[in-house]
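Colleague: Please take a close look at the aromatic rings in this model. I would like them described in context, along with any unusual backbone nearby in the account.

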Amino acid sequence: MGLDRDRLIDLFVKRLDHDPDLAGWVEVELAVLPVAGRRTLVDPGPVAARAHAVLEGHFRQRRYWDDYRPFGDAAELRTLVGKAVPFLEAGDGRNALRILEALSDTFVEDWLAYASDSDEDVYLLFTDLGRMIAEAVLMSDLTPEEQESLAMTVADWQDQLADLGLDEGFSVTISALEAGWDGLALQAVLTGEAEAWPSETEAEEDLDLTTVRLRVLDASGRWEAYLNLARAARARTSAATMLVRLGRIPEAVAYAQGSFAAPHEALDFARVLREAGQHEEALAIAADGLRLALAEAGDCPWQPRGSAPPLAHWLRDYAGSLGRRDVAFTAARAAFELTLSLPDFRAVESWSGGRWKKTRKELLASLATAPYAPDRVEILLEEGLIEDAVRAAGDGADTSDPVLMRLMAAARTHHPDWVIRLATRNAGRIMEAGAADAYDLAAEWLKQAALAYDAAGRFEEWTAAIAGLIERHRRKYKLRPLLEALRGGP
């Protein structure tokens, strides 16, 4: 049923009378509604009032025997913080600051009063608030009196949090208020007269403050200053991404190829180029990053792989989607060299075409010489290399139970003693420990041993072995029926 505008307003007003949360929401929305070319200052009162209402209700006493239960919504608090974002994006630091200062004051006071000993969700907001206030400060033309007053307020907030051992909340705000934009060394960087930040004469710059400066320069449209600072601070992906946004694609690619030093930089920037429709350039950057990853892995085979496998996977799938089979094949091989995993082994096969026979031999050679390969046994097993798989499995300590059982099934004819030894040992550990919840698994291990005895034509030995186990564990009433079920064989 359709309703006219006046009727809808009447219904809305009636609901407001019975729903204070809705009334608070409406007041907030009206107070912070972004208006193009707005010259008036935001009224932060409704935002602070709503934050107070949420925090006050966050730990509300129920019946005494139910202790306390959280009623507040951390997501709603984050939504309130987000009301400052449109103003920051528009370069309106003053209005953003009015919202954020009111919220921070409420958060500090009410969080300490209601939930500081048990609620970490709100504290996690302080880092965001500190960064956003720093942005607002750096894009606002505050008077010395305003800056001094805000610095005292922020210092008080920080002291209250520090009393609880929470030292990081507003540290970036304090740094922004102290440093501003006026330092000679910083100005030299922004104008392109200096190429390193921080300079030797400056204290070590906080990474978070550099990130804040870059966001402010972006929101203010000071793109050359942004590029100068990003390059000087070695924020290489940020600099290259800005060049793409400015339409300077060849310059962005050349800069990336000449400066990127880590695979994650290549992956992040390749994604930017893909979104910009620069497919060949994205492939080239990702390929460069992959070569860097492989070189690093060769220099130190035990180092953490970090973003190298995701880069290889991304390039493989992306190139494949573009029909670039050779690039996909190269990336798939690189991914396997980095992970030595079964899925990546199979991916190489799927992209190898007629090269699989030769490639398979090369991959298995890499697998054989690798100091550690979590899927080594499973790959050898799936490739039908049972002798190699048995040698690789050894005592089975590094092989999962399902893979080890599959290998036992494949190896019992030619390696019955190996199967019997491992299966009875694994079952014995469970039974001797009295791990009743794992008795079914012990029976599965013993089944593998029985099959190996049978394959070797030594079933009489199994009969004697299972009889001994039944006698040994006769008092374990959950285990004994499982053992007796194996007396006649699996």
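Modeller: A contact here means heavy atoms within 4.5 Å. The model is predicted, so local features need pLDDT of at least 70 and side-chain atom pairs count only at pLDDT 80 or more, while totals for chains, interfaces and linings use all residues. Residues are numbered from 1 along each chain as its sequence is written, and side-chain values use heavy atoms, with hydrogens and water left out.

The setting comes before the rings. The protein has 27 helices and two strands, taken as DSSP runs (H or I of at least four residues for a helix, E of at least two for a strand) and numbered from the N terminus. Of its 490 residues, 44% are buried, that is, under 20% relative accessible area with a 1.4 Å probe and protein chains only; exposed is over 50% and partly exposed is in between. Taking contacts between residues at least 6 apart in sequence, 59% join residues at least 24 apart.

A search of the whole structure gives seven aromatic pairs. Rings of Phe, Tyr and Trp (its six-membered ring) pair if their centres lie within 6.5 Å, with planes under 30 degrees apart called stacked, over 60 edge-to-face and the rest tilted. Among the pairs is Phe126 with Phe170, a tilted one with 5.9 Å centre to centre and 40° between the planes. Phe126 belongs to helix H7 (residues 121-138), whereas Phe170 sits in the loop between helix H8 (144-162) and helix H9 (171-179), so this pair ties together parts 44 residues apart in sequence. Phe126 and Phe170 are both buried. Ring pairs also bring in Trp157, making a cluster of Phe126, Trp157 and Phe170.

Another of the pairs is Phe336 with Phe345, which is edge-to-face: the centres are 5.6 Å apart and the planes make an angle of 65°. Phe336 and Phe345 are buried as well. Leu340 lies in the loop between helix H18 (325-339) and helix H19 (342-352), and by those ranges Phe336 falls in helix H18 and Phe345 in helix H19. The phi of Leu340 is near 50°, a positive value in a residue other than glycine. Leu340 is buried, at 7% relative accessible area.

Two rings have an arginine over the face, meaning that CZ of Arg (for Lys, NZ) is within 6 Å of the ring centre and within 35 degrees of the ring normal. Arg355 lies over Phe329 at 4.0 Å from the ring centre, and Arg222 over Trp181 at 5.7 Å.

The backbone has other points to check. Most residues other than glycine have a negative phi, and most peptide bonds are trans. Trp197 and Pro198 are joined by a cis peptide bond, with omega about 0°. Pro198 is in the loop between helix H10 (184-190) and helix H11 (207-219). Arg234, also not a glycine, has a positive phi near 60°. Arg234 is placed in the loop between helix H12 (223-232) and helix H13 (236-245), and its relative accessible area of 49% makes it partly exposed.

Further along, Ile249 is in helix H14 (residues 249-259) and is buried at 13% relative accessibility. Leaving out residues up to four places away in sequence, Ile249 touches Leu243, Val244, Gln278 and Glu281. The C-alpha atoms of Ile249 and Ala276 are separated by 9.6 Å, with their positions 27 residues apart along the chain.
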